[in-house]
Amino acid sequence: MSTTSLSPTTAPAAGADVTAARFLAGLAVTLLPLLAAVIALELGWQAFAGDAWPVAGAVAVGWALGGAAWLCRRGWRTGAVLVVTGAPAAVLAGPAALGWLSPAGLVLWGPVSTVLAAALVMAADPLGPNGPTPARD
């Protein structure tokens, strides 16, 4: 019977822990205020707004502008901000035009899909706009 020795697994470099912690901190600092704003927006919509399309449209535009301002303040690149704010509008335009989406649905899914798009963009570029730059010769 042959016994093979397993080589000990190498521990990840200390820099990997710092990078992961930095990514998670950046994720929390960027997304938690947006999630809090979504909750406040939904509570405000239920309490004060009705079921009118003009108001829902104004809320959606205001959300897109506010979200873009927040992401720009966090140092996001312009292209990423445009993707995060434009993708939900493009996705929700079809169902809204066909009558499949109510004004309340627009107010709910517009901001929620913006937060989800922001999380996806952050996952695609974990080091973010302030990550290490390649060395130049």
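Where is Leu116 found? I looked, and Leu116 sits in helix H4. A helix for me is a DSSP run of H or I with at least four residues, a strand is a run of E with at least two, and both are numbered from the N terminus.

**Ground rules**

This is a predicted model, where local features need pLDDT of at least 70, side-chain atom pairs count only at pLDDT 80 or more, and totals for chains, interfaces and linings use all residues. Residues are numbered from 1 along each chain as its sequence is written, and side-chain values use heavy atoms, with hydrogens and water left out.

**Overview**

I found four helices and zero strands in the chain. Read from the N terminus, the order is α-α-α-α. Of the 137 residues in the chain, 24% are buried. My cut-offs for that: buried is under 20% relative accessible area, exposed is over 50%, and partly exposed is in between, with a 1.4 Å probe and protein chains only. I also looked up contacts, meaning heavy atoms within 4.5 Å. Among the contacts between residues at least 6 apart in sequence, 77% join residues at least 24 apart.

**The cores**

I went to the largest nonpolar core next. Such a core is a set of buried Ala, Val, Leu, Ile, Met, Phe, Trp, Tyr and Cys residues joined through side-chain atoms within 4.5 Å. This one has 14 residues, and Leu31, Leu34, Leu71, Trp76, Val84 and Val115 touch the most other members. H1 (14–47), H2 (53–73), H3 (78–98) and H4 (103–124) each put in at least two residues. H4 gives the largest share of this core, four residues. Apart from it I noted another core of six residues, including Trp45, Leu92, Leu101 and Val107. In soluble globular proteins, nonpolar side chains tend to be buried together.

What is Val115 in contact with, leaving aside neighbours within four places in sequence? I got Leu31, Leu34, Leu35, Val38 and Trp63.

**Helix H1**

Val38 lies in H1. Val38 counts as buried because its relative accessible area is 8%. Not counting residues up to four places away in sequence, Val38 touches Trp63, Pro111, Val112 and Val115. I also checked Val38 against Thr114: they are 76 residues apart in sequence, with 9.8 Å from C-alpha to C-alpha.

Phe23 is in H1 too. Its relative accessible area is 22%, so Phe23 is partly exposed. With residues up to four places away in sequence set aside, Phe23 touches Met122, Ala123 and Pro126. Phe23 and Ala123 are 100 residues apart along the chain, and their C-alpha atoms are separated by 8.9 Å.

Glu42, another H1 residue, made me stop. Glu42 is buried yet has no salt bridge, that is, no side-chain nitrogen of Lys or Arg within 4 Å of a carboxyl oxygen of Asp or Glu. How far away is the nearest side chain of opposite charge? That side chain is Arg74, 22 Å away. For charge, Lys and Arg count as positive and Asp and Glu as negative, while His and the chain ends are not counted. Not counting residues up to four places away in sequence, Glu42 touches Val107 and Leu108.

**Helix H3**

H3 has 21 residues and reaches 31 Å from its first C-alpha to its last, close to the 30 Å expected. The expected span is 1.5 Å times one less than the number of residues. Where does H3 bend? I found a bend of about 30 degrees at Leu92, with Pro95 following within four residues. The bend is the angle between axes fitted to the seven residues ending there and the seven starting there.

The buried residues of H3 are Ala80, Val81, Val84, Thr85, Pro88 and Leu92, and they pack against H2 and H4. After H3 comes Gly99, with a positive phi near 85 degrees.

**Helix H4**

The 22 residues of H4 should span 32 Å, and the end C-alpha atoms are 31 Å apart, which agrees. Among the buried residues of H4 I listed Pro103, Leu106, Val107, Pro111, Thr114, Val115 and Met122.

Back to Leu116: buried or exposed? Leu116 is exposed because its relative accessibility is 53%. The C-alpha atoms of Leu116 and Pro88, 28 residues apart along the chain, are separated by 9.4 Å. Val112 lies in H4 as well. Val112 is partly exposed, at 21% relative accessible area. Val112 and Pro88 are 24 residues apart in sequence and 8.8 Å apart from C-alpha to C-alpha.
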